[in-house]
Amino acid sequence: MGAQSAISLRGVVKRFGPITAVNGLDLDVPEGTCVGLLGPNGAGKSTTMKLLTAQAIADEGTIDVLGYDLPRDSKVARAEMGVVPQLDNLDTTLTVEQNLRVFTYLYRVPRAQRREAIERALAMANLPDRRDTRVDKLSGGMRRRLLIARALVHQPRLVLLDEPTVGLDPQVRQELWALIDQLRNEGTSILMSTHYIEEAERLADTVTIMSHGEAVATGRPSQLIEQHAGREAVEVYGPPAKLREVEAAARAGGMSTRRTGTSIAVLRLEEATNGGPPDGERRPANLEDVFVLLTGEEIS
Amino acid sequence: MAAATQQLRTTTRRRLGRLERPALAGVLVREIINYSSYWRSVTFSSTVEPTIYLLAFGFGFGSIVSRVAGYDYVEFVGTGTVATAVLFASVFAAMFGTFVKREFQRTYDAILAAPVDTEELVTAEALWIAIRASVYGCAPLLVAMVFGLDPAWGMLLVPPINFITGFGWASAGALISALMKSIDNFSYVTSTLITPMFLVAGTFFPISGLPEWAQVAAWFNPLYHCVELVRHASFGFEGWVDVAHLAILVGFGLAMWRLAIWATARRLVD
């Protein structure tokens with residue numbers, strides 16, 4: 001391996017009683033890159049995140065974070081990384097600045113640099129005017145920005161983002177993407193779990209798709225699309241009987257298909273053999289096609 | 001990258017130890033800053049409640065009995081309710097506080113994602129509650145002084161006695177919180193464990209008047225030892241028996257502390 005890894009997991013297994021949440025996972029986050037961990041609910045993304053802070057202990061396999069062996073040296077690793085949780089756990093009766101101050105202590109920012117660290121985090125979250133506002137008076141977007149800034153007070157080398165934009169409206173989501181992109185441009189290594197495909201497509205250098213606790217595909221988004229969904233797709237709408245016909249014909253003609261809920265997407269048009277592709281709305285293949293192909297159409 | 005991070009990296013290249021001061025300080029600072037937003041209500045309930053007990057029993061019983069176990073009743077109950085104040089300020093704060101921070105606010109998830117271990121988290125929380133309880137526990141003494149309790153030099157030892165007792169009860173509260181699935185279940189513990197202990201501790205009436213089995217049982221009640229120590233600090237120590245009281249309080253604190261760490265880790269780390 002050329003570049004050093006900020007995170008490296010090998011054969012990691014985590015069981016909860018009879019359930020195997022993570023099942024032999026291999027995962028790499030090369031230093032200075034953003035890796036998107038994509039997967040449906042229950043694929044094991046959140047458990048993977050917890051393993052990286054030793055809030056869950058693996059049953060098998062090895063976990064290396066920033067060169068430290070986990071769980072043995074987890075505390076040193078945690079001192080050098082920032083974690084943005086999925087659930088907002090800010091202290092809501094404290095002000096924006098007080099929340100940041102608490103974390104300068106928890107992350108051991110030296111006394112002389114605390115003020116500077118707080119100012120930097122305020123600027124990053126674009127909240128300098130709100131420093132004295134209580135958190136329960138902030139909008140949802142501001143709270144999320146603060147939650148991210150809170151994880152950055154000690155300028156970590158690695159940031160874990162667990163579903164950073166879940167449940168937010170498009171404007172707020174764009175704001176956060178800009179913030180995460182800025183972080184990536186500064187050279188911070190990022191592991192981001194998400195089930196929003198657009199988010200992974202926009203921010204991640206490489207994507208790992210998880211299903212049933214395993215990594216089922218890893219690569220650059222464009223690579224994965226090319227490899228698993230081909231180049232071009234067509235969406236065919238109609239009554240269920242017609243859709244079943246289209247499905248069967250496409251498969252017979254060397255193409256693959258997936259259901260979208262309202263239509264059938266016929267993929268790999270470029271590989272069509274007999275009769276050519278069906279009529280419908282043409283579009284380039286996308287990461288969502290890959291996601292559904294690899295993680296299954298049914299919700300388990 | 002900033003010099004701060006570089007410096008941190010070189011100093012932490014080794015594996016970090018247990019019960020580190022910066023980790024304890026981080027958790028304590030969080031509590032202190034939060035305290036600035038709710039100190040009025042906590043101070044009110046932690047001091048007014050035992051004062052009401054003191055006044056109710058003082059005036060109620062005080063009108064029937066003037067002397068109990070060789071003390072004026074106001075002296076007896078004024079020193080006794082110190083333990084009540086410590087108990088209320090520690091065990092309930094720990095039970096409800098840790099449950100809310102663990103299950104509802106998810107504060108502990110955020111803290112454990114920082115370089116803080118469960119052992120440090122539980123220890124710092126217990127220390128903070130013990131400090132608060134040691135101060136609040138002095139309120140009944142001050143109120144009793146208004147009603148005729150004479151100040152004594154030995155009373156300066158009351159805050160440290162309160163601290164040791166408060167640390168034990170705070171740890172016990174954290175243990176109870178970690179063992180309970182739901183906050184509603186706290187009422188079982190309160191009714192079966194805490195209320196009897198609070199009543200049969202020699203606070204309002206001397207345990208020497210109780211049947212022998214109850215007197216033996218009182219020795220297993222940590223609150224009883226706190227009551228005795230506070231009374232003896234105020235009116236004169238009684239030698240080895242007080243060493244035994246202190247040893248039992250310290251033992252209770254240590255045992256509850258380790259158990260609270262064990263139970264909390266089981267809850268927070270999968």
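Helices (H or I runs of at least four residues) and strands (E runs of at least two) are taken from DSSP and numbered from the N terminus.

Welcome to the views. This is a predicted model, in which local features need pLDDT of at least 70 and side-chain atom pairs count only at pLDDT 80 or more, while totals for chains, interfaces and linings use all residues. Residues are numbered from 1 along each chain as its sequence is written, and chains are lettered from A and ligands numbered from 1 in the order in which they are written.

**View 1. Chain B is built from 11 helices and 2 strands.** Follow chain B from its N terminus and you meet its elements in the order α-α-β-β-α-α-α-α-α-α-α-α-α. The radius of gyration of chain B, taken over C-alpha atoms, is 20 Å, close to the 18 Å given for 270 residues by the globule rule (2.2 Å times the number of residues to the power 0.38), so chain B is as compact as a globular protein of that length. Its C-alpha trace spans about 75 × 40 × 35 Å along the principal axes.

**View 2. Here chain B meets chain A, with 33 residues from chain B and 31 residues from chain A in the contact.** Residues are in contact if their C-beta atoms, placed from the backbone, lie within 7 Å. On the side of chain B that touches chain A, the elements giving two or more residues are helix H1 (3-11), helix H2 (21-60) and helix H4 (107-113) of chain B. H2(B) gives the most, with 9 residues. By class, this side of chain B has 19 nonpolar, 7 polar and 7 charged residues. In this scheme Ala, Val, Leu, Ile, Met, Phe, Trp, Tyr, Cys and Pro are nonpolar, Asp, Glu, Lys and Arg are charged, and the others, Gly among them, are polar.

**View 3. Helix H3 (residues 73-104) of chain B packs against helix H6 (residues 139-146) of chain B.** The angle is about 160 degrees, with the axes 7 Å apart; axes are lines fitted to C-alpha atoms over the stretch in contact, and angles run from 0 to 180 degrees between N-to-C directions. That angle makes H3(B) roughly antiparallel to H6(B) (over 145 degrees). The crossing of H3(B) past H6(B) is right-handed, the near helix being turned clockwise from the far one by less than a right angle (anticlockwise would be left-handed). From H3(B), look for Val74(B), Gly78(B), Thr81(B), Val82(B) and Ala85(B); from H6(B), the contact takes Ala139(B), Pro140(B), Leu141(B) and Ala144(B). Of these, 7 are nonpolar, 2 are polar and none is charged.

**View 4. Helix H10 (residues 222-235) of chain B packs with helix H11 (residues 240-268) of chain B.** Their axes lie 9 Å apart at an angle of about 135 degrees. That makes H10(B) oblique to H11(B), a word kept for angles that are not under 35, over 145 or 65 to 115 degrees. The two helices make a left-handed crossing. Among the contact residues are Pro222(B), His225(B) and Cys226(B) of H10(B), as well as Asp242(B), His245(B) and Phe252(B) of H11(B). The contact has 7 nonpolar, 3 polar and 2 charged residues.

**View 5. H2(B) also packs within its own chain, with helix H5 (residues 118-136) of chain B.** The angle between H2(B) and H5(B) is about 35 degrees and the axes are 10 Å apart. Their crossing is right-handed. H2(B) brings residues including Ala23(B), Leu24(B) and Glu31(B), and H5(B) brings residues including Glu120(B), Trp128(B) and Tyr136(B). Sorted by class, the contact of H2(B) with H5(B) has 9 nonpolar, 3 polar and 3 charged residues.

**View 6. Two backbone details sit in loops of chain A.** Leu70(A) and Pro71(A) are joined by a cis peptide bond, with omega about 0 degrees. Pro71(A) lies in the loop between strand S5 (68-70) and helix H2 (74-79) of chain A. Ala54(A), although not a glycine, has a positive phi of about 60 degrees. You can find Ala54(A) in the loop between helix H1 (45-52) and strand S4 (60-65) of chain A.

Note on methods: Two residues are in contact if their C-beta atoms, placed from the backbone, lie within 7 Å.
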